[in-house]
Structures are given as C-alpha cells and as structure tokens.
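Here is my note on the structure, in numbered points. Please keep the model open while you read.

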Amino acid sequence: MCVMQTLIKESLSGVPPEVEAVARDEGLSPRQAARAVTRGRITIAANPRRPHRLSAIGEGCRIKVNVNVGTSGERCDPALEMRKAAAALANGADALMDLSTGGDLVAIRKAILSLDTTVGTVPIYEAVRRAGNAADVDADLLFRVIREHCRQGVDFLTLHCGVNQEALASLRLDPRIMGVVSRGGAFHVAMMAATGEENPLYAEYDYLLEILSENDVVISLGDGMRPGCIYDAERLAKATEYVTLGVLARRALSAGVQRLIEGPGHMPLDQVGYNVQMMKEICDGAPLYLLGPLVTDIAAGYDHVAAAIGGAVAAMNGADFLCMVSPAEHLALPDEDDIVEGTRVARVAAHAADIVRLGEGAHTGADLKMAQARRRLNWDEQFTAAMFGEHARRIHERDGDLETCSMCGDLCAVKMVRDILDEQKE
C-alpha cells in the first residue's frame, strides 16, 4: 500500500510547494493559503501520482471553471472528447471532468489525464457499466473502481455519499416533478431501492475516507438530490441532503481529506443567494462547486446563459467553482462548438463575480485597460484587453477598418465628448 501524506497534514507543519505555487498565483501569502487548506476553506486537487498545472478553489481565490467532457452510450468518439477537452482549456477552463459512459473507459480516462490540468471523475458511472445496471452494483465493486481512479491519477472524485436512506425517505414524503436528475444520485437510489440497504458510500464513509487519504485525492460530495426544475427548488430532499453533506464535510476534514461540496441545481434567481450561503454555513465554509444554478427551465439551447446568470449570483454569494453548462444541456451530447461557447460564457460569469468578490486591485485590471482603450478608440488594445480578443476582432472587422464601430460611425458619443473635453483642457 502506498500511503501518502495528505496536503492538509503537510500544511499543518509548513507550506508545501503546491500551496506556495497557488498562493503566488492568487495573490495570497503562502502561510495564509496553508492555513486555509488546513481549515478546509481552500482545496487544491493535486493527485501526487500526476504532476499538472494546479488550481486553488475557495476562500480568497479567483472563481474557477470546470468543463465536463466524455463519451456516452449513444455517441462514443474518444477523439472528439479530446478535441473538446483541448478547446475547453484553450478557452479558460481550470479543470476537466471525464463523465464517459461509453467505450473503453480506462483508455479514455488515461488520455484525458495526460492533459496539463486538474481532472475529476464520477466512479459510480464506471461501476454501473461494469455491473450492467445500477441495481447490481455492490460495495466491493464500487470501492474497487474508486481505488482504480485514485491510482490512475484522478485528482477529485464526485461521490454521492449524501444520497442515503434518509434522503430517499424525504423524496418519497415530498415528491418532486423531476424526481432525481443527478445520474449518480439516481444510480444510488436504484441501488438502495433494489437491496433495501444503505448507500455503501454513506454506510462505509470512514473506509472511503481511508482510501482517499491514502491517495491524497479530493472528495467532491455530490448533490444527488439537487432540484431538476425551479418548481422543485424548495422540496425536502434537497435540504435533507444539505445537512448530511455538512456532517460528511466535517468528517472529511478531520480525516485529512480535502473536500468540495456540490449543489444546488435549478432554482429561481431570488433563491440562489440564500441557498449558497446556507450550504457554506452548514458545510463549514468548504469550497462550493455548482452546476448552474439554472434560473429558468425554458431556455433550451441557451441554458448556458441561464446557468451563467445563476452562477454569477451564486459566486457573488460565496460559490467557488462553476461547472460549465453548454448550449446542448438537456438536449444532446455537446460538440466542440458547444464546449467553446459554454466555457466562454462561464468564464464571463466567473469574472463578473470576481470583480465583486475580490474587490478592486484583486482582479486582473483588464476592465480598466478596456475602458482606457475604448476612450482612445484603440482597437488593438481593446482586443488585447478582451477576454476573447480574436472573436471581438472578427466582429469589429466585418464592416472594414473603421475608426469607430459601425453602430455609431460618425455619431460616436465617445469620440464626440472626448474631443470636447480635450479641447477644454487645451
């Protein structure tokens, strides 16, 4: 057995190189970052078996963006998934998750792990494929797959430990329109319904933590009971799972295992802030990892926009890690263009929240550079300051090489008032 000293335990006695590196990137003092790691407020997913570019997620850090890739049983093209992964990283993703359910899962995961980034997986997907169906997955198979993912170099694992018998009872007591929309959550519901037994990830949680501690792999506590439509946002099952995740998050930290908390699904915009704040309080400030939240259910084809609206509000209220939603959400397996569009929109949402959350001087200063360049009508400087400059350049140049944009032309307000003020100064 290869027993590793976890990053939390190393940070108790000093500043590990991984912590020092991310502290420099985030503008934090190394000692401050190390203390935040030991308190579970910053998570650095870094499996020691696989060196890669690191990202710090949590208190005082920039909002990070994850992008999901992976095959399905309906569309299995590993080469496409690698192109999608490369496109995500090229457009600002900080991490990838391999959600593959079709083809040679080990080989696909190995290819994605070759990329220079943080990588997560959902082991229950592979366990179900091996068993043939969710009802036939047993604890031995599930824990075996978890160990294999850890040893292959995966940095964080989504594990639906909070989908237990109590959560299932809450779901039955207070039924929802969409039931369970988390694939991993549904698999665990099927397992419990078939056997009448407890979810093994909950029943044998201490054993799970031993595996993760031995490999220094982050646990991402999955939101298996997240609402799948805005009308399910106030139902009991979600709140039951929140409380369970709070207890499990504390137990993970006590065992020296870094943690992320996932949530909270679809909900009206006015519920986003207090749900995030409640989750942060219940889970003792652990970094919060969100898919969305989607704030309307009728934006099919534009769910990435609905998620970015919810994500910006969530991050402003304490969420730390946004999972990209693509235009294909709820419709199809994303293609490369979907990944590019979804990643860019998520990055805009993250930056908008960073401006509020980190304060003046804590972000890149690109917004100030853009404003100054726009005042001067300096297009090259504008494209340099823009988050996606080449895309902006292509739009501007559609109508030729103009001093102003073609929307205003010779009636440009910026140019008119700038010239007036400059004349007054002279």
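1. Start with naming. Helices (H or I, at least four residues) and strands (E, at least two) are DSSP runs, numbered from the N terminus. With that in hand, Ile177 can be placed: Ile177 sits in the loop between H8 and H9. Remember throughout that this is a predicted model.

2. Stay with Ile177. Is Ile177 buried or exposed? Ile177 counts as exposed, at 61% relative accessibility, because exposed means over 50%. Ile177 also has company. Together with Met178, Val181 and Tyr231, Ile177 forms a nonpolar patch on the surface. The accessible area of these residues together is about 440 Å².

3. Next comes helix H9, residues 183–195. How does its span agree with its 13 residues? At 1.5 Å a residue, H9 should span 18 Å. The C-alpha atoms at its ends are 19 Å apart, which agrees. Just after H9 comes Gly196, with a positive phi of about 75°.

4. Which residues of H9 are buried? They are Gly184, Gly185, Phe187, His188, Val189, Met191 and Met192. What do they pack against? Their partners are H6, helix H7 (139–152), helix H8 (165–173) and helix H10 (200–203).

5. Now compare your notes on H14. This helix has 14 residues. From first C-alpha to last, H14 reaches 20 Å, close to the 20 Å expected at 1.5 Å a residue. Gly318 follows H14 and has a positive phi, near 130°.

6. Why is H14 described as largely enclosed by the rest of the structure? Because 10 of its 14 residues are buried. The buried residues include Asp303 and His304. Gly310 and Gly311 are also among them, as are Ala306, Ala307 and Ala308. The cover over the buried residues of H14 includes H13, strand E9 (288–291), E10 and H15.

7. Turn to charge. Side chains of opposite charge can pair when their charged atoms come close. How many salt bridges are there? The count comes to 24. Let us look at some of them.

8. Glu126 forms a salt bridge with Arg130, and the closest N and O atoms are 2.8 Å apart. Both residues are in helix H6 (residues 123–131). They are 4 residues apart, so about one helical turn separates them. An α-helix has 3.6 residues a turn, so residues three or four places apart point the same way. Are the two partners buried or exposed? Glu126 is buried, with a relative accessible area of 5%. Arg130 is partly exposed, with 38%.

9. Lys280 forms a salt bridge with Asp320, again with the closest N and O atoms 2.8 Å apart. This pair links distant parts of the chain, 40 residues apart. Lys280 lies in helix H13 (residues 269–282). Asp320 lies in the loop between helix H14 (303–316) and strand E10 (321–323). Lys280 is buried, with a relative accessible area of 18%. Asp320 counts as buried too, at 1% relative accessibility.

10. Asp320 has another charged partner. The side chains of Asp320 and Arg357 meet in a salt bridge of 2.9 Å, N to O. This pair also links distant parts of the chain, 37 residues apart, with Arg357 in helix H15 (residues 336–358). Arg357 counts as partly exposed, at 24% relative accessibility. Elsewhere, salt bridges that share partners join Arg39, Arg41, Glu59 and Asp284 into one network.

11. Then the nonpolar interior. How many residues does the largest nonpolar core have? It has 82. Ile124, Ile146, Leu208 and Ile219 have the most contacts inside this core. Take Leu208. Leaving aside neighbours within four places in sequence, Leu208 is in contact with Phe143, Ile146, Leu159, Cys161, Leu201 and Ile219. Another core, of 16 residues, lies apart from the largest one. Its members include Ala33, Ala34, Ala36 and Ile44.

12. Last, check Asp155. Where is Asp155 placed? In the loop between H7 and strand E6 (156–159). Asp155 is buried, with a relative accessible area of 0%. What touches Asp155, beyond its neighbours within four places in sequence? Its contacts include Ala45, Ala46, Asn47, Arg50 and His52. Thr117, Thr118 and Val119 are also among them, as are Val217 and Val218.

Key. Residues are numbered from 1 along each chain as its sequence is written. This is a predicted model: local features need pLDDT of at least 70, side-chain atom pairs count only at pLDDT 80 or more; totals for chains, interfaces and linings use all residues. Side-chain values use heavy atoms; hydrogens and water are left out. A salt bridge is a side-chain nitrogen of Lys or Arg within 4 Å of a carboxyl oxygen of Asp or Glu. Buried means under 20% relative accessible area, exposed over 50%, partly exposed in between (1.4 Å probe, protein chains only). A nonpolar core is a set of buried Ala, Val, Leu, Ile, Met, Phe, Trp, Tyr and Cys residues joined through side-chain atoms within 4.5 Å. Contact means heavy atoms within 4.5 Å. The expected span of a helix is 1.5 Å times one less than its number of residues. Patches are made of residues with over 30% relative accessible area and no salt bridge: like charges are joined within 9 Å, nonpolar side chains (Val, Leu, Ile, Met, Phe, Trp, Tyr) within 5 Å. Accessible areas come from the Shrake-Rupley method with a 1.4 Å probe; for residues, only the protein chains shown count as cover.
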